[in-house]
Amino acid sequence: MSDRTDRAERLFGNIAPEGVRVYSVPEGMTCFRGQIRVFGSAGRAAEAVRNGSVAAGQALVIMPAEPDPCGKEAAGSFAELERTLCEAGIAGRVTVLADEAPGFAPGTAAVFCYNGREDMLGQHAGLIADGDSLEYDAEAGIINADMTEEGFSHRLEGGDPDDIIVTKLDEDTWVLTERYSRCFLLKGRRGNLLIDTAFGRTDIRRIAEDLAGGSVQVVLTHGHWDHVSGLSRFSEARLNRKDWDMLPEPLQIFDDRAVTNGCTVRDLEDGAVFDPGGREIEAIACPGHTQGGMAFLDRSRGILFAGDSVAVGPTYLFYPHCSPEKMAGSLRKLLGRADEFGPVLSSHRKMRLDKSYIEEMLGCVEGALSGIIKGKSACVSGSFGICEKYSFGRVSAFMAREACAACAEHK
């Protein structure tokens, strides 16, 4: 497992505004996105590897302890971590972020190092929480913990990572952000609509009802866990039936409904219109990221709530339930209706987009499928087969190499 040479010497981003040094990048790990595991020492990380609680595709963030005058304990801990990664068979498939070079052999892990303890903590690495996601692109020189803009500011001010952050868009529209996922609360004269429920760690129902001054109806953009896990707080919701099998366990699926954690979920069809009073919200089928994906158009205000159908990305298009071809079709469909909306509000990363991002997403997907855009090798948690990152303009997507190659050959 040799290290890549076509990479930047330093990466920059929200957890490294002044840069973090690239120590090693194994073959196949030019790009990465995975769950963060935070440890107080390399020894504790090694223990977690031994007991099987660390998996390939994860990022191990070794938070610096108080300085050791001799340095022997730290050196020994990193040697132990290197050994356990190899013994567990996940060497070359994890990322390590630390305050010092661990001395790993080439190919052991993708390793990025700060210039000591003070540098690591001073560059916002201390804001990272267990369960966050880390993403880097070693060729582009970018590294970020996946936080929304509002989530990053909240943590800088000392806020808890699991807090729901409330942002008011206008007099009767709010953004509710939990970790890296946004939900949108739309208040009407007769009722209220909540788009998505995020992770469910905090009582999003109570917060939404307090803001709206009454009960809320839940509609879902798609079935991924970071959008539906809060359903346990509600009794009813709407989701396109093609995504029902993605709902959290315990799950029962019937002909006319699905039941998950006590919440009854009914079908959401393309073209369904919700009228809470004073605003009409239309559900627009946008398969691609999932088979049952939806966007929601506020016809009265010209706002598109895009879910994961429009995003700076990288958008996940590599799961078996994803379809890059359908995603391209959905993006063309949205562009065909672009005169009906101005702002495009996305569930992740940068929130306020516009139709030019839809155009760039379409260019990215079509370019990857045609072979015009070349992908970069990527290690992504949960990826099936070999995953690559495709970029175009300001957007990017993770797609399966085999799917793009087959499509390009067919054309």
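A cavity here is a set of grid points where a 1.4 Å probe fits but cannot get out. With that idea in hand, the model, which is a predicted one, can be searched from end to end, and the search turns up 2 cavities of 30 Å³ or more.

Before looking inside them, it helps to get a feel for the whole chain. The protein chain contains 9 helices and 27 strands. Its C-alpha trace stretches over about 70 × 50 × 40 Å along the principal axes. How does that fit with a compact globule? For 411 residues, a compact globule would have a radius of gyration near 22 Å, and the chain has 22 Å, so the two agree. Buried residues account for 57% of the 411 residues. Contacts also reach a fair way along the sequence: taking those between residues at least 6 apart, 60% join residues at least 24 apart.

Now for the cavities themselves. The largest cavity holds about 50 Å³ of space. Its lining is made up of M147, G151, H154, R155, D160, P161, D163, I165 and R179. Which element gives the most to this lining? That would be helix α4, residues 149-156, which supplies 3 residues. Sorted by class, the lining of the largest cavity comes out as 3 nonpolar, 2 polar and 4 charged residues. Among the charged ones are R155 and D160.

The second largest cavity has a volume of about 30 Å³. Around this one sit T221, H222, H289, T290, G293, M294, A306, G307, D308 and S309. What classes do these residues fall into? Polar residues number 7 in the lining of the second largest cavity, alongside 2 nonpolar and 1 charged. The charged residue is D308.

Some of these lining residues also turn up in a pair of strands. Strand β20 covers residues 294-298 and strand β21 covers residues 303-307, while M294, A306 and G307 are among the residues lining the second largest cavity. The two strands run antiparallel and are joined by 3 bridges. Within this pair, F296 stands opposite F305 in β21.

Zooming out a little, β20 and β21 belong to an open sheet of 6 strands, with the order β18-β19-β20-β21-β23-β24 and mixed pairing. Which strands sit at the edges? They are β18 (273-274) and β24 (352-353), each of which pairs on one side only.

Notes:
Residues numbered from 1 in each chain as written. Predicted model: local features only at pLDDT ≥ 70, side-chain atom pairs only at ≥ 80, totals over all residues. Heavy atoms only, no water. 1 Å grid on protein atoms, 1.4 Å probe; cavity = no way out; pocket = protein on both sides within 12 Å on 5 of 7 lines; lining within 4 Å. Points joined across faces, edges and corners; volume = space filled by probe spheres on them. Helix = DSSP H or I, 4+ residues; strand = E, 2+ residues; numbered from the N terminus. Pairing = 2+ DSSP bridges. Rg over C-alpha atoms; globule rule 2.2 N^0.38 Å. Buried < 20%, exposed > 50% of the residue type's maximum accessible area, 1.4 Å probe, protein only. Contact = heavy atoms within 4.5 Å.
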